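Me: Please take a close look at one part of this predicted model. I would like the sheet and its surroundings described in one go.

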2 protein chains.
Amino acid sequence: MMDLPLTTWLLFEGAATHHSQVEIVTRLPSADVHRYTYSDFALRAKQLMNALDTLGLPSGAVVATLAWNGYRHLEAYFAIPCSGRVLHTLNIRLSADELAFVMQDAGDSTVLVDLEFLPMLLDVAERVPSLRHIIVLADNPGSTDPRVLGYEQLLTDEPTHYSALELDERAAASLCYTSGTTGRPKGVVSSHRSVFLHALAVTSAAGMAFGPGDCVLPQVPMFHASAWGMPYAAVAVGAKLVFFGGPLEASPFVELLLNEQVTVTAAVPTVWVSVADELEQRSDPGRYLRHIISGGSQPPRTLIERYLRNLRIPIVQAWGMTETSPLASVAWPQHRMLGWDEDNVTDAARRQAGLPVPGIAVRIRDEGGAPVDFDGESMGSLEVRGPWVADSYLHGHGSENFTADGWFVTGDVAIGSEDGYFVISDRTKDLIKSGGEWISSVDMEAAIMAMPGIVEAAVIAVPDPKWVERPVAFVVVQPGQNVEPSSIRAHLLANGFANWQLPDRVELIDEVPKTAVGKFDKKVLRARETS
Amino acid sequence: MMDLPLTTWLLFEGAATHHSQVEIVTRLPSADVHRYTYSDFALRAKQLMNALDTLGLPSGAVVATLAWNGYRHLEAYFAIPCSGRVLHTLNIRLSADELAFVMQDAGDSTVLVDLEFLPMLLDVAERVPSLRHIIVLADNPGSTDPRVLGYEQLLTDEPTHYSALELDERAAASLCYTSGTTGRPKGVVSSHRSVFLHALAVTSAAGMAFGPGDCVLPQVPMFHASAWGMPYAAVAVGAKLVFFGGPLEASPFVELLLNEQVTVTAAVPTVWVSVADELEQRSDPGRYLRHIISGGSQPPRTLIERYLRNLRIPIVQAWGMTETSPLASVAWPQHRMLGWDEDNVTDAARRQAGLPVPGIAVRIRDEGGAPVDFDGESMGSLEVRGPWVADSYLHGHGSENFTADGWFVTGDVAIGSEDGYFVISDRTKDLIKSGGEWISSVDMEAAIMAMPGIVEAAVIAVPDPKWVERPVAFVVVQPGQNVEPSSIRAHLLANGFANWQLPDRVELIDEVPKTAVGKFDKKVLRARETS
């Protein structure tokens, strides 16, 4: 068989010929809508490849983006790796210190930046000695700083033809930092090979299941885990692509979703919570929308049921991490569940982290390293292996997360079911070990958040001289509601928690601290307890 | 990223853990039904791996199968490559001479054979000096020949555990011969890497689109182009698998299809012609059946429309060749065709050979090698490139089919459309060049076969002193029907053919000669004309 390298170019090259008339639609942060075709996209991406050559950026140079989702960001997704450079997506929610740290760590030479993030970038630019060019993703650069160039001005005279490079499939294509709920963010480098394989897996009916007949709206940010690989996958199959730029607003988001006849969309559960009311007010919202992919954290059962019953749109849970590219598993119900009672299907499949996609292997091990049975009860450390799973972090950090026999230690605690699915029961470090028994902080948080009047709940372990660790809960109550800590304890008792498992203390707070990707930042709560 | 080889083992290893309760159902040629689970399948496949070790077959040994579709054949599909040997699927319809030729050419050391094909195999066994073992796929071997072993006897004492081998992803995994409509059959070797990538592409929603929620019935034979890769793809995603063993019979086939709640099935168009009446007699035949994949030759327009209108089941055309593993393109309608008139969608998409699946590139070139535009009119030689496309034949035969710049020359003539699809208009050697103008034999055959009372039609070029070539048609009329050659010519005139394009001669015959895979064997007709 042809010894053809698996590259981002392979994903890109058919766009101009086979999908030339397919649309790419961007709702800009200004609320204007930009529309063009795959044919326009391919020509402009090739102009950007030529522009990066003209700037003299060497092969392997790290080129970063600091931007909302949109068509220019998509052009960068392909032009940077296809021209032999490395795409580094910067999280727009990082603090100046964090931004300076990851840019230094990565050695960014160039940044493509939305106009609104230019001041933030200029603030940290001096702390990044490798930085040579700042390219503003706008019609005009909006700055007279000599380092600052305009994206459109850069493209305008470049040729629209680019000869495919002979790329090594193991060469770096992109770079993304973990969110770092513990310690400093760590860089994960993806190869051309891994990006190609992951994109193919995303299009699989065992993955996110989209093809030429689909219209895909990745509401997960392009600065976070490559928007779950959806831009690469959508371009590879010629699906229509729709982007919502700027912060989420339920009404225009739903408007875009329905107007563009989106068939597959993906985001974290909080997005689906935010837009549920809006969707329920529309007639036949599921006419085109075939399924919603939800990842990042487990969606509440009530959310899954609400979408299934009221909107007749299945929420399909996907699981993965930056280190797994990210897609590792998807919770599609099995064929044999056809005709099962909906509640049973929800328990057996929809509430699970999923079945591994082809190519990915998972194993669950106990503290001694022995395999844990898929019996629906036993829990253990979740480890993953596959051709798009990291085998190291940039600069050799975090080597303790990789086993000698070639597996990635996720840091998650998982339970395997007899049906073959697995579910994340906790982060290893969030499990609470009290008197020799385990208490799951995730289960307790879910139970508290199911109480009327509760917005958020985070449970952590605090050191205890007698029991080693004891749970403490931090709870955010809806404005105007009156919820007493004692009633929270009573609610937990009534919902299957034993007396000894109840939190020693329930503290009402205004908001649970969050990381740059919106996850509960328990290390801030822990620091508060131990300081 | 982990430098994990892409192997058939990767497709197989999740079966026991993640899909253990999923069923594999075989309707045996005896009409009995055999049922077991992925768990049983995985254990028995590992027993077969151990049995091949016990027999002392070295790594790289070629192990052949000569069998109908079924669960034992599936075990061989995985056990042979996963244990480091090469699977060679033999076509049960080959003549004794052809069988002896391909077995010699491949150097088969062992054959796994259905009991009914044992006499045929024993007839040719002496002409295959490399042959050491004959293993009968039945409960009992049914022969006292010392070379003959029983499959079940071989497995019975073997352990059900097998340690994964360190396989090179570029090592040979399987071997399949082209049908050879010209010259001798030529061997195409697939690597582990190409089988893995192809399987992933088959599961893609841009491919055949199946996942854990599906039940797959590959009605294309497992001895032909790996049943289009469906067994590998189905096991990789944990889809329920259903096999119909033995020759096609419409009524039990449809019974099996509906009883097992098959969601995706695939076969050549003649199968869908054969079972259409039977399907139309059932209530709601499309309740579970989501789509039918049709490949091998272009399905008639009337067939596509009949399934869409009467049964509400879309026939989706796929295209490929043994040299392309085989899946290269699938004719999914694009999202922008939503809301188009059904006739227009059929013209633009369903009647096309398709859009290339991710990883595959196609180009169309004129006789001088210049690219031919996708304009819906211009035709040229179709060439294909991709990581699961052959770069040579076994023993270096047919090197003229591979270009210096790394493309496979399909021998097909294709037209690209403005929508980005391509359609096969003819085989290069079947185009008729009359007085400097091209006549498509495929178009003329399709037009004749659309006439009432016609079963089959094959059109070939015969040498002509004045016009270089002229068309001659061979037509099979339905028993009891009276169709005159003159009325066929009149029908062609009424259906867009010009006077100069009409066949010089229309000959009524009893049957069009066919190759071992059921395609029109025009080389027999040509030989008849020139002898």
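Reply: Start with strand S4 of chain B, residues 86-89, and strand S8 of chain B, residues 172-177. The two run parallel, and two bridges join them. Within this pair, His88(B) is placed opposite Leu175(B) of S8(B). Keep in mind throughout that the model is predicted.

Now widen the view to the whole sheet. S4 and S8 of chain B belong to an open sheet of seven strands. Reading across chain B, the order is S7-S6-S5-S3-S4-S8-S9. The pairing in this sheet is mixed. Its edges are strand S7 (148-150) and strand S9 (187-191) of chain B, and each of these pairs on one side only. From one strand to the next, the twist averages 25 degrees.

Next, the helix on the sheet. Helix H4 of chain B, residues 71-82, lies across four strands: S3 (62-66), S4, S5 (108-113) and S8 of chain B. Its direction makes an angle of about 145 degrees with S4(B).

Chain A also has a helix H4 at residues 71-82, and Arg72(A) lies in it. Is Arg72(A) buried or exposed? Arg72(A) is buried, because its relative accessible area is 11% and the cut-off for buried is under 20%. The side chain of Arg72(A) reaches a backbone oxygen, that of Leu137(A), at 3.4 Å. Leaving aside residues up to four places away in sequence, Arg72(A) touches Arg44(A), Leu137(A), Ala138(A), Asp139(A), Tyr151(A) and Glu152(A). Leu137(A) thus appears both as a touching residue and as the owner of that backbone oxygen.

How do chains A and B relate? A turn of 180 degrees, with a shift of 0.0 Å along the axis, lays chain B on chain A with an RMSD of 0.1 Å. That is the relation of a two-fold axis. The same surface serves both copies: 100% of the contact residues of chain B recur in chain A. Which residue of chain B comes closest to the rotation axis? That is Ser204(B), with its C-alpha at 1.8 Å.

One last region, back in chain A. An unreviewed UniProt entry annotates residues 444-519 of chain A as "domain: AMP-binding enzyme C-terminal". In the model, this span is 21% helix and 33% strand. The C-alpha atoms at the ends of residues 444-519 of chain A lie 17 Å apart.

Terms used. Residues numbered from 1 in each chain as written. Chains lettered and ligands numbered in written order. Predicted model: local features only at pLDDT ≥ 70, side-chain atom pairs only at ≥ 80, totals over all residues. Heavy atoms only, no water. UniProt positions renumbered as here; feature names shortened; annotations may be inferred. Pairing = 2+ DSSP bridges. Axes fitted to C-alpha atoms, helices over the stretch in contact; angles between N-to-C directions. Contact = heavy atoms within 4.5 Å. Buried < 20%, exposed > 50% of the residue type's maximum accessible area, 1.4 Å probe, protein only. Polar contact = N/O pair within 3.5 Å; in protein donor to acceptor, adjacent residues only side chain to side chain. Least-squares fit on C-alpha atoms with pLDDT ≥ 70 in both.
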